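Me: I would like a close look at the cysteines in this model, and at whether they are paired or unpaired. Please set them in the context of the whole chain and of a few other sites.

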Amino acid sequence: MQNITPENYQQLNLSPETLAIRLSQQRSIYGEHSEALYLTSSFLFDDAQQAYNRFTDKEGGYTYSRADNPTITNFTNKLAVLENAESCVATSSGMSAILATMMAFLNAGDEIIASASLFSTTMGFFNNFLKKLNIKTHYVKMTDLSAWEQVIASDKDGKIKIAFVESPSNPMAEVADLQGIAEIMHNKAKNKILFFVDNCALTPILQQPLKFGADLVIHSATKFMDGQGRILGGAVCGNKELTNEIYKFIKTCGVTLPVFNAWVLSKGLETLALRVKAQSNNAFELAKWLQNQPQIETVFYPFLETHPQYELAKKQQLGGGALFGFVVKGGKDAAWQVVNSCKMLSITSNFGDVKTTISHPQTCSHATLTQAEFDLANISAGAIRIGVGLENLDDIKNDLLRGLSKI
C-alpha cells in the first residue's frame, strides 16, 4: 500500500475529506496503520555537524518538540489541505494562535481594525495586553462595510497593519463580507493591510476564507476539530511566508501545541466533515423549530431567510454551522430559566462538541464586556447561545421545552 504523504498526495487526485483521513507522515520501520504518537522532548543527531545544520536551518529535520514534532506536522499538513492553504502552524490553544499571529506582525505603535463582534477573550487580549505595547484597536460594526472604509480612510499615516474578524460571530452568528473587507484592506488602504479571519465556528468544511481574500485563517482547534471536548489547540493557515513568521514566535516563546493534543486533533480531522455537516444540519432544523416557538423573540442562524446576512452567508458558506444565538422574551431571567431547566444539554462555555452545549453569553462567555460592547455586538440580555451536537434532534427540542414552557 502506498504511503500518502505531503510529497506525493497530489498525484492521486484525492478530495480534501479523504486526505484528512489518509494523509500521513512516513511510517516507521514497524509499519503502523494509525499514525504514531511521538512523545519525545528532543531528537537525536548523527553527529555535531548535523546538529549545527538543523539548528541553523541549513537542512530539514526535527530538533526539539517546542519547535516541531512529527505528530504536530501530521496535524498541520492535514489542516492545510482542508483550508486549501500552502502552510499551517499549530499552537497550544485558539487564543495562543491569535497571540502568536499578532506578535508576529505587530510592533509597538501599530494599530488594528477589528470586528466589534469578536469573542470577548480576544477583545480582552487586544484591550488589556496589546494596549500595553501602545497598539490601538479600532472596533467597527462587522456587517457595515462603510464603517470599515471610514476607519481605513482616516488612517493617513498607515498605522493600521491588521484587520481581524470572526465570521460567523460568536454567539449571534453575524456574517462578515469577507471579500468586501479583503478588497478594502488590500486595495483601499494607504499600505496593504493583512486580513485575518477566525474560522473556528465553521471550520474549512463549511467555509474557506482564503478563497475570499483572507491572508490568514485562525482556528481554535479545541472546538470542532477535537469535537469531543477533550483537549486545547490552535492553528493558523495561509501562505508559507506568513506562517513562517508565526512559527518563529511559536518556537521561541513556547506556545507550542502539546504532542498528545496534536495526535487527538489529527484523529479528529478524520471525522470532521461527517460531524460538522451533521451538526450543521441538526442546528438548521433546530433553528427553524425555534422560530415557531411563541417564547422566542429572534433566532440568529445564517441559513434562515430571516437572517440579515442570509444571501451573503449562502454565497460564502457551505452550511449555516452548528453555533448560533437566539433571544427569548423576558430578558435575563427568562434566559436563565431556559438554561437552568435543561436536564440533558451541557451548561458550559465550549462548543463544537458532539454534546450540545448551552449558555447565557452576557453572564458566561462574554461576561467581561461592557453594556456598550454588548449593544455593538448585538448580544441582548435575553440571548442564549447554543452549540448543537449530534444527539437526536427531538431530544434537544424537548430539553429546551422544559424551560421555554415556563416562560
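Reply: What follows takes the cysteines, then the overall fold, then three other sites.

The model is predicted. With a disulfide taken as two cysteine sulfur atoms within 2.5 Å, the count in this protein is zero. Cysteine 200 shows why: its closest cysteine sulfur belongs to cysteine 237 and lies 13 Å away, too far for a bond. Cysteine 364 is likewise in no disulfide, and the nearest cysteine sulfur to it, in cysteine 342, is at 13 Å. The surroundings of these two residues can be set side by side. Cysteine 200 has a relative accessible area of 8% and is buried, whereas cysteine 364, at 33%, is partly exposed.

The chain around them folds into 15 helices and 12 strands. Its radius of gyration is 22 Å, close to the 22 Å from the globule rule for 407 residues, so the protein is as compact as a globular protein of that length. Along the principal axes, the C-alpha atoms fill a box of roughly 70 × 55 × 35 Å. Of the 407 residues, 57% are buried. Contacts between residues at least 6 apart in sequence join residues at least 24 apart in 71% of cases. The exposed surface comes to about 17500 Å², of which carbon and sulfur atoms supply 50%.

Two buried sites and a surface patch add local detail. Isoleucine 4 sits in the segment before α1, the helix spanning 16-22. Its relative accessibility is 12%, so isoleucine 4 counts as buried. Beyond its neighbours within four places in sequence, isoleucine 4 has contacts that include Tyr9, Leu12, Leu14 and Leu19, as well as Arg22. For isoleucine 4 and arginine 22, the C-alpha to C-alpha distance is 6.4 Å, across a separation of 18 residues in sequence.

Serine 167 belongs to the loop that runs between β4 (160-166) and α7 (178-187). This serine is buried, with a relative accessible area of 1%. Leaving out residues up to four places away in sequence, serine 167 touches, among others, Glu174, Val175, Asp198, Asn199 and Gln316.

On the surface, Leu37, Leu39 and Phe260 form a nonpolar patch whose accessible area together is about 290 Å². Leucine 37 lies in the loop between α1 and α2 (48-55), and at 31% relative accessibility leucine 37 counts as partly exposed.

Terms used:
Residues are numbered from 1 along each chain as its sequence is written. This is a predicted model: local features need pLDDT of at least 70, side-chain atom pairs count only at pLDDT 80 or more; totals for chains, interfaces and linings use all residues. Side-chain values use heavy atoms; hydrogens and water are left out. Helices (H or I, at least four residues) and strands (E, at least two) are DSSP runs, numbered from the N terminus. Buried means under 20% relative accessible area, exposed over 50%, partly exposed in between (1.4 Å probe, protein chains only). Contact means heavy atoms within 4.5 Å. Patches are made of residues with over 30% relative accessible area and no salt bridge: like charges are joined within 9 Å, nonpolar side chains (Val, Leu, Ile, Met, Phe, Trp, Tyr) within 5 Å. Accessible areas come from the Shrake-Rupley method with a 1.4 Å probe; for residues, only the protein chains shown count as cover. A salt bridge is a side-chain nitrogen of Lys or Arg within 4 Å of a carboxyl oxygen of Asp or Glu. The radius of gyration is taken over C-alpha atoms; the globule rule is 2.2 Å times the number of residues to the power 0.38.
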